[in-house]
Amino acid sequence: MELVSQFTEDAIAKEDRICGRPACGSIILKGAPYHYIATIVPSQPGRFVCRACYLRYAQKLSTSVRPSSVRPSSAQSLPDPNVIRQSVNAAQRRSTINPPRVVPFLSQPSSNAMHMGRLPGPDIAVPLSWQQPPVSSSQNRVPGPTGYSAHHAQYSLERERWAKLAYAPPPAETITLEITAVYEGNSRKKSGRGINFGNICEGKKDIDARLDAPSLIAIAFDTILPKILTFGRGFPWRTHEFVVRDAAWVDLSGHLSAIPYFLAQCLVQSRRAPKTTTFKTKKFSLMVVVPAAQWSEYEEWLERTEEEETLHEQLQRHRSIHTDIEDQDPHAVGTDLDDYEDPDPFAAQLEEDDDPFGNDMEPPYSLSTATRTSAKRAHVRGESDSTSSTVSPPRKKLAHVFRLPDRDDLKEALKNGGSVDAARAPKVYDLRNEDIQFHQIPVRPLADILKTPQHRSFELDISNSSIGQLTIDVPLRSMIGIGAFKTAHPGWLTLSPLSSSGLGSRTQQDVIVKRPFYRPSSHTGAAAGSNTLKIARYALADELQKLLNESNVLYWAKSLLNFTYEYIDHCIDAASSPPSFQIPRVRFMDAGIALAFSHHSSNTQGTSNQAPTADVKAGTFSAVYLLEEPVTFDSPGNRSFTKFIHNKDCELSLDDDEYGYDLAVFLAFTQHIQYAKTDGLAFVSDYQGSTELLTDPQILTHRSVGDGNDLFGDGNIASMVDDFETKHVCNYYCKWPGFGLEVYA
């Protein structure tokens with residue numbers, strides 16, 4: 001071992017450390033002296049040891065110690081240049097982390113050094129040819145022992161930083177972030193609450209999935225804030241008011257630290273072992289949200305700035321005109337020009353009588369509003385449903401008036417509230433709780449369905465399913481309705497974790513629980529003389545098949561309607577002028593298949609359509625439900641369920657004076673687009689629901705598509721496709737030239 005002093009480390013410990021000698025391992029307290037022991041092999045790192053171990057190494061015969069107690073004479077103080085050259089070359093090799101060797105000479109601090117406030121330390125002896133004049137050498141030195149520079153002071157931090165980077169393993173579970181800048185306001189997008197501005201959007205890959213909310217907030221701010229400041233062109237943003245929200249508009253600042261934020265959404269059930277979860281990388285969206293009030297201030301500031309710039313340009317133009325006139329004829333302007341003083345181009349307002357430009361020139365303040373550029377961007381106004389976000393002035397706080405309760409009112413309240421009537425209590429015994437596995441029906445683009453074979457039909461995929469709980473209000477008195485094939489009951493759905501959109505996006509979400517049924521043959525003969533309705537359930541396999549068929553019809557209907565709106569938007573954007581009519585926006589309801597688990601084993605007898613014995617074991621599927629979003633209505637006065645177009649007729653099911661007729665006309669137009677753009681192969685029919693939400697559609701296909709197979713259920717009537725061109729009545733949507741549709745007779 002060679003015992004030297006590490007010239008880039010302090011001789012006093014800045015924090016508690018452990019002695020680097022394995023046999024010792026004692027703790028070096030903060031402020032206690034510690035020493036660096038370098039090995040004779042340059043490729044091996046040295047050790048930080050305590051004072052006792054340092055003395056032990058100094059007493060060993062194999063340790064070489066360079067003299068430092070007495071300063072040698074000037075003739076002997078210079079080291080050998082060959083030794084210095086070899087030490088520098090060894091330090092520059094890739095295999096070593098040790099700095100060049102130095103020769104320390106410990107000496108007593110002089111009175112001048114103590115007077116200047118320097119700390120005692122080793123003086124590094126260097127050749128005379130290396131020495132610089134005192135003025136230039138002192139510029140790069142830091143306070144401390146002689147021989148230290150600014151680079152030496154940063155060595156310890158740099159070594160620790162690179163050591164952490166070299167030995168830190170990369171995260172095994174990563175996600176991708178899409179970070180955008182938005183401001184508060186309404187949006188045309190579904191569930192949109194923020195409006196993008198400045199096309200500010202950045203992607204981040206390989207983000208640790210175990211990061212908590214504060215870490216994600218820091219990443220979002222570090223990525224987006226510089227771009228917002230650049231976009232603002234000098235506007236004084238109050239960045240401390242900005243918040244970071246996810247795609248569900250949840251404020252990340254309200255979540256606890258040290259808890260992974262997105263990790264739970266990346267854990268999915270394993271295909272091989274359903275009871276275990278595996279990590280699946282996903283892409284998540286974060287938004288840096290500017291408050292509505294601050295965005296309004298920015299728009300007003302931007303409008304003032306542009307008006308001031310316009311005024312300044314007009315003033316400069318006017319000055320150039322006067323200069324040209326004066327150069328041509330100095331007497332043409334008159335004596336008023338000599339007394340003319342330039343007005344402040346950024347003044348807020350000028351008096352009408354104070355005309356600094358003379359009577360023959362129009363002042364810039366008389367510019368018409370048509371020529372003045374507004375700072376309110378057209379695309380910003382187009383994306384927002386509201387014209388502006390205004391903040392109400394603070395109201396005067398009213399004094400609280402204390403009032404004593406009326407004796408008669410209090411007596412009546414105590415009389416009625418002093419006892420509980422069990423008859424008025426909720427019918428908790430009528431509720432059925434089911435543990436379910438939920439498969440949501442997605443909205444998939446038609447191009448994706450055509451390109452990917454596994455997306456041609458809706459199938460149950462356990463990797464895309466969610467676990468949750470379903471509560472059903474079972475009694476007949478609570479039934480919403482009963483159709484020819486299904487019953488409908490109210491229910492409440494809770495998924496864990498919550499879905500990002502659609503059903504299961506919030507706890508205890510209202511749903512419609514549908515289940516197929518059939519009427520027993522014994523009930524057919526007695527149906528005329530009895531008012532009791534008797535129904536029976538199918539076997540589990542038949543029940544699943546029927547609901548999968550209906551879900552597949554809805555899956556294709558969503559895709560065809562989405563394709564129709566994409567075509568409409570494309571034609572309107574490509575047209576030279578927009579149409580005179582508005583395009584209604586409707587959609588099919590969110591829905592999905594729920595497979596219920598059984599809590600206990602049972603053995604029930606089946607019917608003619610069931611297996612002779614249906615053995616249900618605990619933990620296996622015992623029932624299948626179709627969950628649908630409740631139909632919403634545009635106004636409380638119009639809550640009637642409407643059939644717009646029947647699957648057995650191309651004509652509208654409503655008269656022109658009935659509610660929903662205008663939407664029925666538009667839905668007939670969507671059939672025209674689907675029929676024409678699929679080359680007469682398929683279109684959606686049996687439109688029904690409300691003017692906002694549609695349900696229970698039917699897909700009609702040409703008879704050449706099926707090749708004798710039963711496609712899309714019994715409601716698929718091929719003759720309606722054959723006769724569409726003769727029975728469809730084109731309306732003003734179909735006849736608009738921008739859509740390029742053939743008008744059928």
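These legends go with close-up views of a predicted model.

**Figure 1. The whole chain, before zooming in.**
The protein has 745 residues, and 35% of them count as buried. Its secondary structure adds up to 19 helices and 29 strands. If you take the contacts with a separation of 6 or more, 64% of them come from residues 24 or more positions apart. Hunting for disulfides through the whole structure turns up 0.

**Figure 2. An open sheet of 4 strands.**
Reading across the sheet, the order is S10-S9-S14-S11, and the pairing is mixed. Strand S10 (194-208) and strand S11 (243-246) sit at the edges; each has a single partner strand, so one side of each has no neighbour in the sheet. From one strand to the next, the twist averages 25°. On the S11 side, the pairing with strand S14 (residues 283-290) is antiparallel and runs over 4 bridges. Look for Val243 here: Val289 in S14 stands opposite.

**Figure 3. Helix H7 laid over the sheet.**
Which strands does helix H7 (residues 213-232) lie across? The list is S9, S10, S11 and S14, and those are the strands of the open sheet in the order S10-S9-S14-S11. Relative to S10, helix H7 runs at about 140°.

**Figure 4. Thr174 and its surroundings in strand S9.**
Thr174 belongs to strand S9 (residues 174-184). Is Thr174 buried or exposed? Its relative accessible area is 16%, and with the cut-off for buried set at under 20%, Thr174 counts as buried. Setting aside residues up to four places away in sequence, Thr174 touches Asp206, Ile207, Ala209, Phe279 and Thr281. One of those contacts, Asp206, gets a view of its own next.

**Figure 5. Two non-glycine residues with positive phi, Asp206 and Trp249.**
Asp206 is in strand S10, and its phi is positive at about 55° even though the residue is not a glycine. With 56% relative accessibility, Asp206 counts as exposed. Asp206 is also among the residues that Thr174 touches. Trp249 is not a glycine either, and has a positive phi of about 65°. Where is Trp249 found? It is in the loop between S11 and helix H8 (263-266). At 17% relative accessibility, Trp249 counts as buried.

**Figure 6. Two cysteines, Cys201 and Cys266.**
Cys201 has a relative accessibility of 39%, so it counts as partly exposed. Cys266, for its part, is buried, with a relative accessible area of 0%. Don't go looking for a disulfide in this view, as the count for the whole structure is 0.

**Figure 7. Helix H11 and its start.**
How many of the 11 residues of helix H11 (residues 407-417) are buried? The number is 0, so the helix lies largely in the open. At the start of H11, a side-chain oxygen of Asp406 comes to within 3.2 Å of the backbone nitrogen of Asp408.

**Figure 8. A cis peptide bond ahead of Pro497.**
Going from Ser496 to Pro497, the peptide bond is cis, with omega near 0°. Pro497 is placed in the loop between strand S18 (486-496) and strand S19 (509-516).

**Figure 9. Leu544 in helix H14.**
Helix H14 covers residues 540-574, and Leu544 lies in it. Leu544 has 25% relative accessibility and counts as partly exposed. Neighbours within four places in sequence aside, Leu544 is in contact with Leu460, Leu595 and Val624. Take Leu595: it is 51 residues from Leu544 along the chain, yet their C-alpha atoms are separated by 8.8 Å.

**Figure 10. Helix H14 crossing helix H15.**
A packed pair of helices is described by the angle between the axes and the distance between them. For H14 and helix H15 (residues 661-677), the axes come within 10 Å and cross at roughly 90°. Angles of 65 to 115 degrees count as roughly perpendicular, and therefore H14 and H15 are roughly perpendicular to each other. On the H14 side, the contact is made by Leu560, Leu561, Phe563, Thr564, Tyr565, Tyr567 and Ile568. H15 contributes Phe666, Phe669, Thr670, Ile673, Gln674 and Lys677.

Technical notes
Residues numbered from 1 in each chain as written. Predicted model: local features only at pLDDT ≥ 70, side-chain atom pairs only at ≥ 80, totals over all residues. Heavy atoms only, no water. Buried < 20%, exposed > 50% of the residue type's maximum accessible area, 1.4 Å probe, protein only. Helix = DSSP H or I, 4+ residues; strand = E, 2+ residues; numbered from the N terminus. Polar contact = N/O pair within 3.5 Å; in protein donor to acceptor, adjacent residues only side chain to side chain. Disulfide = S-S within 2.5 Å. Contact = heavy atoms within 4.5 Å. Pairing = 2+ DSSP bridges. Axes fitted to C-alpha atoms, helices over the stretch in contact; angles between N-to-C directions. Parallel < 35°, antiparallel > 145°, perpendicular 65-115°, else oblique.
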